Amino acid sequence: DVKEPKAGGVTSKKMHSQVVIIGSGPAGHTAAIYLARANLKPVLFEGFMALGVAAGGQLTTTTDATRNEEKGRTFPLPGIRTPGSSEMKQAALAAIASQCRGNGQRPVPLFEYVNTDKPAAAALKRNTDGDKGLEKVENFPGFPDGIGGSEMMDKFRLQSERFGTTIITETVSKLDLSMRPFKYWREGEEDDETAFETADTIIMATGASAKRMNLPGEEEYWQSGISACAVCDGAVPIFRNKPLAVIGGGDSAAEEATYLTKYASHVYVLVRRGELRASKIMAKRLTAHPKVTVLWHTAAEECKGDGDLLQSLTIRDLQTNETRDLPVNGLFYAIGHEPATNLVKGQIETDSDGYIRTIPGTAQTSIKGVFAAGDVQDKKYRQAITSAGSGCMAALEAERLISEEE
Ligand code: FAD
């Protein structure tokens, strides 16, 4: 059911837009490109460290900082290296943001540089080493040689801007969807009831992030042998003909592990319980596969490597309590994703996993005038291309509604 919010809400004196897009991944920017070309002057909030993901979305986490540094977009802050400390990490990132803004630059997070102690040179080497790189997006049509995730999102952003999108490097922290126009607040202003801005329509493109386990060693080898997307990373050379592990017992774990058998020498599936939650047919296909070993009642405890790439996992048999090393060159988490829906909690319909519900075949949410696109409403495909596709749908639907109402 689509609810029609009351009309006649207050229009902001600060800023009113026909359409506001929240999120700057492939979904948000595709929506912006369509809306800007339709002359609707979209405003896109690209966010800053929303849900641990910065402007540009998940794909910017595929490339390390060094290239950004070279391009002069951002720079490391000496002395700020914060392995594992989220408080320090936040402080470092906030410092980078304000420094970038001061220089008129766009803040791009320095995940690799800030989160680990790896020297930038090593990061650069990995980034440019075609044999090992995890960072290229190789399945987005139009880039036959692949393209770095950050570079691709830069192109999305340039295209949005070229047609007149206003891009704001801030996070939207509060939404009121009870009346139209809808009200929203920027981060830091949410306690001031009068500080709202308004929009006739809103496109939620806030994305999702993979759940992680925070194992010792995980941060160090994240994207250096550890991934949360088999379809994105399974085919890269560091995983080919190597033993790999998948953690999870549901449908997506079964699917990811089966997918990885195409490339891996062997796939171990680590399951805490004595059974899979996956559907019978998928569980059967998985357990019958000659390249798959399911390790029941097993938990991973530590990720170990050579300082550059993952080499093994310490695993525990939960029945005997014994630990041992499992040599694997890749670890894939399949323990679910967290859609970024805090803004709309309690206001909009979500499914049991928290994803925004849209009417099948459309981008329409349970509130008229609010559309959703990308990973925030898609727990099945979770790809850049499908996100872009749904961003286009959201834009065309917003455009149609605006012109109907004019
Ligand atoms: P996201 O990319 O998640 O972007 C959402 C954006 O919204 C972020 O910028 C976030 O900061 C912002 N945001 C969130 N909340 C707010 C707020 N309140 N205010 C303002 N902004 C906000 N897919 C592929 O097709 N090919 C690949 O090779 C590939 N590789 C990947 C590698 C990695 C490491 C990861 C993590 C994912 C990969 N994916 C790949 C998946 C792909 O990145 C996602 O499917 C896609 O980015 C989803 O796009 P999105 O627009 O829905 O949102």
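1. Let me start with how the elements are named: helices (H or I, at least four residues) and strands (E, at least two) are DSSP runs, numbered from the N terminus. With that in hand, you can place Lys41 in the loop between α1 (26-37) and β2 (43-45). Please keep in mind that this is a predicted model.

2. Now for an overview. The protein has 406 residues, and 54% of them are buried. Its chain forms 11 helices and 19 strands. If you take the contacts between residues at least 6 apart in sequence, 65% of them join residues at least 24 apart.

3. Stay with Lys41 for a moment and look at its backbone. Lys41 is not a glycine, yet its phi is positive, at about 45°. Is Lys41 buried or exposed? Its relative accessibility is 58%, and the cut-off for exposed is over 50%, so Lys41 counts as exposed.

4. Asn321 is another residue to check. Its phi is also positive, near 70°, and Asn321 is a residue other than glycine. You will find Asn321 in the loop between β15 (310-317) and β16 (323-327).

5. One peptide bond deserves a look too. Between Arg180 and Pro181 the bond is cis, with omega near -5°. Pro181 belongs to the loop that runs between β6 (172-176) and β7 (182-186).

6. Next, go back to helix α1, where His29 sits. His29 has a relative accessible area of 1%, which is under the 20% limit, so this residue is buried. Which residues does His29 touch, not counting those up to four places away in sequence? They are Ser24, Leu44, Met153, Phe156, Arg157, Ser160 and Ile167. Val10 makes a useful landmark as well: His29 and Val10 are 19 residues apart in sequence, and their C-alpha atoms are 28 Å apart in space.

7. Helix α9 (residues 251-260) packs with helix α10 (residues 280-288) at an angle of about 35°, and the two axes are 9 Å apart. The crossing of α9 and α10 is left-handed. On the α9 side, the residues that meet α10 are Asp251, Ala254, Glu255, Ala257 and Thr258, while α10 brings Met282, Arg285 and Leu286. Sorted by class, the residues of this contact are 4 nonpolar, 1 polar and 3 charged.

8. Which residues of α9 are buried? They are Ala253, Ala254, Glu256, Ala257 and Leu260. The elements that cover them include α8 (230-233), β11 (243-247), β12 (266-270), α10 and β17 (330-333).

9. Let's turn to empty space. Rolling a probe the size of a water molecule over the atoms shows where such space is left. How many cavities of 30 Å³ or more are there? The count is 1 cavity. The largest cavity holds about 40 Å³ of space. Its lining consists of Ala228, Ser252, Glu256, Tyr333, Ala334, Ile335, Gly336, His337 and Arg382. By class, that lining has 4 nonpolar, 3 polar and 2 charged residues.

10. To finish, pick out His337 from the cavity lining. His337 lies in strand β18 (residues 337-339). With a relative accessibility of 13%, under the 20% limit, His337 counts as buried. Leaving aside neighbours within four places in sequence, the contacts of His337 are Ala208, Ser209, Ala210, Lys211, Ala228, Tyr355 and Arg382. Ala228 and Arg382 appear in the cavity lining as well.

Note on methods
Residues are numbered from 1 along each chain as its sequence is written. This is a predicted model: local features need pLDDT of at least 70, side-chain atom pairs count only at pLDDT 80 or more; totals for chains, interfaces and linings use all residues. Side-chain values use heavy atoms; hydrogens and water are left out. On a 1 Å grid over the protein atoms alone, a cavity is a set of points where a 1.4 Å probe fits but cannot get out, and a pocket is an open set with protein on both sides within 12 Å along at least five of seven lines; lining residues have an atom within 4 Å of a point. Grid points are joined across faces, edges and corners, and a volume is the space filled by probe spheres set on the points. Ala, Val, Leu, Ile, Met, Phe, Trp, Tyr, Cys and Pro count as nonpolar, Asp, Glu, Lys and Arg as charged, and the others, Gly among them, as polar. Axes are lines fitted to C-alpha atoms, for helices over the stretch in contact, and angles run from 0 to 180 degrees between N-to-C directions. A crossing is left-handed if the near helix is turned anticlockwise from the far one by less than a right angle, and right-handed if clockwise. Contact means heavy atoms within 4.5 Å. Buried means under 20% relative accessible area, exposed over 50%, partly exposed in between (1.4 Å probe, protein chains only).
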